[in-house]
Every structure is written in structure tokens, then in C-alpha cells.
Amino acid sequence: MEHTAQQGTHESHENHGGREAHAGRDTHGTGAGHAGHGSHEGHGHDSHAHADTHAHAHAGHGGTSWAMAMRATLHCLTGCAVGEILGMVIGTALGWGNASTMVLAVVLAFVFGYSLTLYAVARGGLDLRSAVRIALAADTVSIAVMELADNGIIALIPDAMDAQLSDALFWWALLAGFAVAFAVTTPVNKWMIGRGKGHAVAHAHHH
């Protein structure tokens, strides 16, 4: 009887140890599995993040559409046209010479061109100094190219600079200059926006 009891105790102890070992293996296996799963998820998340970052970088450097460039040019042309027409009208009405009238028109074109962008970015809550800095970065090259093309065409059209406000030539020359300026400046804006310059600087602050 004593031998039988000892044998039963021994078997119970072995069974209990086996269960503990099995539980330990299960626990270890489960932990390893979860750890591996977490590692896999983390790796997958990093891969997706890297892919998204790469996609955004690629879009920022080469994804500028012609429509976007045309909208930026039209925005710039609106301010330039208002300033230039006003300068031409003032200079012609006051009887100023061609050089003085053109200088006034160019100055006002820059003033009105900057003003439109300044107003747009200021609505985003920027302080005046930051808004001015963004407007200068966004529009300087665009307005300069536009004014060079526009005034170059007007200067090349015979008698356009001597035309009066009542002459059809005065207005046709202005329109021709604006059309050429738009055609010349749009590719420039596309190139600049595609590299994060020009109107791309102001785009994030528009509301």
C-alpha cells in the first residue's frame, strides 16, 4: 500500500510538471508570436510611411499641372493688368512721355500684383511681415517676366506707345501684350511651382 501511494504521488508530480512545462511553452510561443506580429506590423507601417513620403516628395517636385500653372499666371496677370492699365491711363492722360508712362505702369503692376497675393495670404492669419515676405517670394519672378514680355510687345508694335486712350491701337496693344505675357509666364510658373518656388510658397496659405 505504501509503495502504491508513493507511486501515485510521483505520477501526480510528473503530470503537474508536464502541465507547467506545456503552459510555459504555450506562453513562450504566444509571446513570440505576438512579438513577431508586432514587429511585422511595425515594419509594414514604416514601409507605408516611407512610400507615402516618397510619393509626396515626387508629387512636390514633378507633379505640377499646366492648369495649376495657368491659374497662378492668371492670378498674377490680374494684378499686373490692373496696375499697368492704370499706369498707362494716368501717364497718357497727364501727357507724360513714353518712358515715364512705362515706368509708372511697371511700378503699379508690381504694386497691384503683390497686393493680390498679400491679401490672399494675410487672410490665413499671417502677420504683415511674413505675408510681405511670402508675396515677394511668390510673385517677383512671375511679375518681372510678365512685365518684360508685355512691355516688349507694346514697344514693338508701331505707334502703340504714342496712341491715346481714345485710339483702338492703345487697347489692342495692351491686350496683345497681356496675351504674350501670359503665354511666356505660364511655363516659368510651372517650372517654379514644380520645384516648390514661386506661387507654391503662397499656395499653402491661401484660404
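Colleague: In this predicted model, what share of the contacts with a separation of 6 or more comes from residues 24 or more positions apart?

Modeller: Residues at least 24 positions apart make up 74% of those contacts. Keep that in mind as we look at the helices.

Colleague: Happy to! How many helices and how many strands does the protein have?

Modeller: There are 6 helices and 0 strands. Along the sequence, the pattern reads α-α-α-α-α-α.

Colleague: Which helices supply at least two residues each to the largest nonpolar core, and which residues have the most contacts inside that core?

Modeller: Let's start with the residues. The largest nonpolar core has 19 residues, and C80, M88, M146 and L174 have the most contacts inside it. Four helices each supply at least two of its residues: α2 (66–93), α3 (98–122), α4 (128–156) and α5 (168–193).

Colleague: Could we follow one residue? What does M88 touch, leaving out residues up to four places away in sequence?

Modeller: Good choice. M88 touches T101, A105, N151, I154, F170 and L174. Remember F170, since we will meet that residue again.

Colleague: Now the rings. How is a pair of aromatic rings described?

Modeller: Two values do the job: the distance between the centres and the angle between the planes. In this structure there are 2 aromatic pairs. For F110 and Y114, the ring centres are 5.9 Å apart and the planes meet at 50°, so this pair is tilted. Both residues lie in helix α3, 4 residues apart, which is about one turn of the helix.

Colleague: Are F110 and Y114 buried or partly exposed?

Modeller: Buried means under 20% relative accessible area. Y114 has 19%, so Y114 counts as buried, while F110 has 22% and is partly exposed.

Colleague: And what about the pair of F170 and W171, how are those rings arranged?

Modeller: They are edge-to-face, with 4.9 Å from centre to centre and 80° between the planes. F170 counts as buried at 5% relative accessibility, whereas W171 is partly exposed at 37%.

Colleague: Let's go to the surface. Which residues form a nonpolar patch there?

Modeller: L86, I90, L94 and W96 form that patch, and together they have about 350 Å² of accessible area. One of them, I90, lies in helix α2 and is partly exposed, with a relative accessible area of 30%.

Colleague: To finish, what do the totals say for the whole protein?

Modeller: Of the 207 residues, 27% are buried. The accessible surface comes to about 12700 Å², and carbon and sulfur atoms account for 66% of it.

Key:
Residues are numbered from 1 along each chain as its sequence is written. This is a predicted model: local features need pLDDT of at least 70, side-chain atom pairs count only at pLDDT 80 or more; totals for chains, interfaces and linings use all residues. Side-chain values use heavy atoms; hydrogens and water are left out. A nonpolar core is a set of buried Ala, Val, Leu, Ile, Met, Phe, Trp, Tyr and Cys residues joined through side-chain atoms within 4.5 Å. Buried means under 20% relative accessible area, exposed over 50%, partly exposed in between (1.4 Å probe, protein chains only). Contact means heavy atoms within 4.5 Å. Patches are made of residues with over 30% relative accessible area and no salt bridge: like charges are joined within 9 Å, nonpolar side chains (Val, Leu, Ile, Met, Phe, Trp, Tyr) within 5 Å. Accessible areas come from the Shrake-Rupley method with a 1.4 Å probe; for residues, only the protein chains shown count as cover. A salt bridge is a side-chain nitrogen of Lys or Arg within 4 Å of a carboxyl oxygen of Asp or Glu. Rings of Phe, Tyr and Trp (its six-membered ring) pair if their centres lie within 6.5 Å; planes under 30 degrees apart count as stacked, over 60 as edge-to-face and the rest as tilted.
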